[in-house]
Amino acid sequence: MATVHKSIWTLKRFGRFLPGTKEDGGNPWKMFEPSESAGELVLTIVESGHMLVSQGHDLLDGFSLLDAPSYLKVQQKSDTLLFRLTVKGESRLIRMQFSGTRAEALEECSSAVLRLKEYLPVTTQRGPPPPPLSCPPTPNQPPTKTTAQNQQAGAGEAMATEPEVVQGSLSIKRLTQHFLGEHGLSLPLVYRHSALSRGELEPFVRLCLLDPSFPALVEEVEGELRKVLQD
């Protein structure tokens, strides 16, 4: 199995711009900082082309860098990166400052810029360093836990016995029964190969869970699978 090379940097601060809060007298940036209770802030870019910002076990932000020039602009100023994402006419801003001494933070930021330039141009703003990313502390929120709902209706007797060993190819209907847990199968090797390596799977799953439309997609896929069984 090929080794998955990650690029990982620790962050001093990470912020999301909140439109409208400045007019209300509030701080326009929602800030995250590392702490003993919440954990370190980490920026990760994996070989699959996904960029993730996490804190402890929580995924704060993430998106694909594939085709990034069509929707993403990145600007470096000193030890800080500013990202502007525009999707379907709506824009959002995120900002991150790298950790370490001034020299270390500049080096880390430049390293991340080199990695990002594999996917899109990064502009560099000259001049004095930007104001520090700071805001009144916000209470730590407990991580949201997503619990998979196992569909076991009608699977009791089938799964209580040893799974059926299958050779060769399988029909769509039998594969559907297996995925819905209605028929236990020991799949042939051809069905056991994943396009994602083990090191890429966890970031990919976290990225999917970050997408608010993902639960609805899962339900729609299950509904389509059940339609296959009715055909």
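**Notebook: a predicted model, looked up residue by residue**

I began at F17, which I record as partly exposed because its relative accessibility is 32%. The model I am reading is a predicted one.

**Entry 1. The ring pair at F17**

I asked how many aromatic pairs the structure holds. I found 3 aromatic pairs. For F17 and W29, the ring centres lie 5.5 Å apart and the planes meet at 70 degrees, so I entered this pair as edge-to-face. I then placed both partners: F17 belongs to strand 1 (residues 7–17) and W29 to strand 2 (residues 29–32), with their positions 12 residues apart in sequence, and the pair links distant parts of the chain.

Is W29 buried or exposed? I noted W29 as buried, because its relative accessibility is 17% and the cut-off for buried is under 20%. I also looked at the face of the W29 ring and found R95 over it, 5.8 Å from the ring centre.

**Entry 2. Strands 1, 7 and 8**

I looked up the pairing of strand 1 and recorded an antiparallel arrangement with strand 8, joined by 5 bridges. Within it, I noted F14 with M96 of strand 8 as its bridge partner.

I next turned to strand 7, which pairs with strand 8 over 8 bridges, again in the antiparallel sense. On this side I found F83 opposite I94 of strand 8. The hairpin that strands 7 and 8 form has 2 residues between the strands.

**Entry 3. R13 and its polar contact**

I stayed with strand 1 for R13, which is located there. I recorded R13 as buried because its relative accessible area is 14%. Which side chain does R13 join in a polar contact? I found that of E33, at 3.0 Å.

**Entry 4. Q55**

E33 led me to Q55, whose side chain reaches the backbone oxygen of E33 at 2.8 Å. I located Q55 in strand 4, which covers residues 50–55. With a relative accessibility of 7%, Q55 went into my notes as buried. I found another backbone oxygen beside a polar atom of the Q55 side chain, that of G39, at 3.2 Å.

I then listed the contacts of Q55, leaving aside neighbours within four places in sequence. The partners are F32, E33, P34, S35, A38, G39, E40, L41 and L60. E33 and G39 are thus on the contact list of Q55, and the backbone oxygens noted above belong to E33 and G39.

**Entry 5. Q76**

I looked up Q76 next and found it in strand 6. Its relative accessible area is 9%, and I therefore entered Q76 as buried. The side chain of Q76 has a polar atom 3.3 Å from the backbone oxygen of S78.

Where in sequence and in space does T124 stand with respect to Q76? I recorded 48 residues of separation in sequence, with the C-alpha atoms 4.7 Å apart. T124 also appears among the contacts of Q76, once neighbours within four places are set aside. The other entries there are L81, C109, S110, V113, V122, T123 and Q125.

**Entry 6. Positive phi values**

I searched the loops for backbone angles of interest. Most residues other than glycine have a negative phi. I noted D67 as a departure, with a positive phi of about 60 degrees although it is not a glycine. D67 sits in the loop between strand 5 (58–64) and strand 6 (72–77). I entered D67 as exposed because its relative accessible area is 59%.

I also noted K88, another residue other than glycine, with a positive phi near 55 degrees. K88 is in the loop between strand 7 (80–87) and strand 8 (90–98), which returned me to the hairpin of those strands. I recorded K88 as exposed because its relative accessibility is 86%.

**Entry 7. The protein as a whole**

I closed with the totals. The protein has 5 helices and 11 strands. Of its 231 residues, 34% count as buried; R13, Q55 and Q76 are among them.

What share of the contacts with a separation of 6 or more comes from residues 24 or more positions apart? I recorded 56%. For the surface, I noted about 15,100 Å² exposed, with carbon and sulfur atoms supplying 55% of that area.

Technical notes
Residues are numbered from 1 along each chain as its sequence is written. This is a predicted model: local features need pLDDT of at least 70, side-chain atom pairs count only at pLDDT 80 or more; totals for chains, interfaces and linings use all residues. Side-chain values use heavy atoms; hydrogens and water are left out. Helices (H or I, at least four residues) and strands (E, at least two) are DSSP runs, numbered from the N terminus. Buried means under 20% relative accessible area, exposed over 50%, partly exposed in between (1.4 Å probe, protein chains only). A polar contact is a pair of N or O atoms within 3.5 Å; within protein, one must be able to donate a hydrogen and the other to accept it, and residues adjacent in sequence count only if both atoms are side-chain atoms. Contact means heavy atoms within 4.5 Å. Accessible areas come from the Shrake-Rupley method with a 1.4 Å probe; for residues, only the protein chains shown count as cover. Rings of Phe, Tyr and Trp (its six-membered ring) pair if their centres lie within 6.5 Å; planes under 30 degrees apart count as stacked, over 60 as edge-to-face and the rest as tilted. A charge sits over a ring if NZ of Lys or CZ of Arg is within 6 Å of the ring centre and within 35 degrees of the ring normal. Two strands pair if DSSP finds at least two bridges between them.
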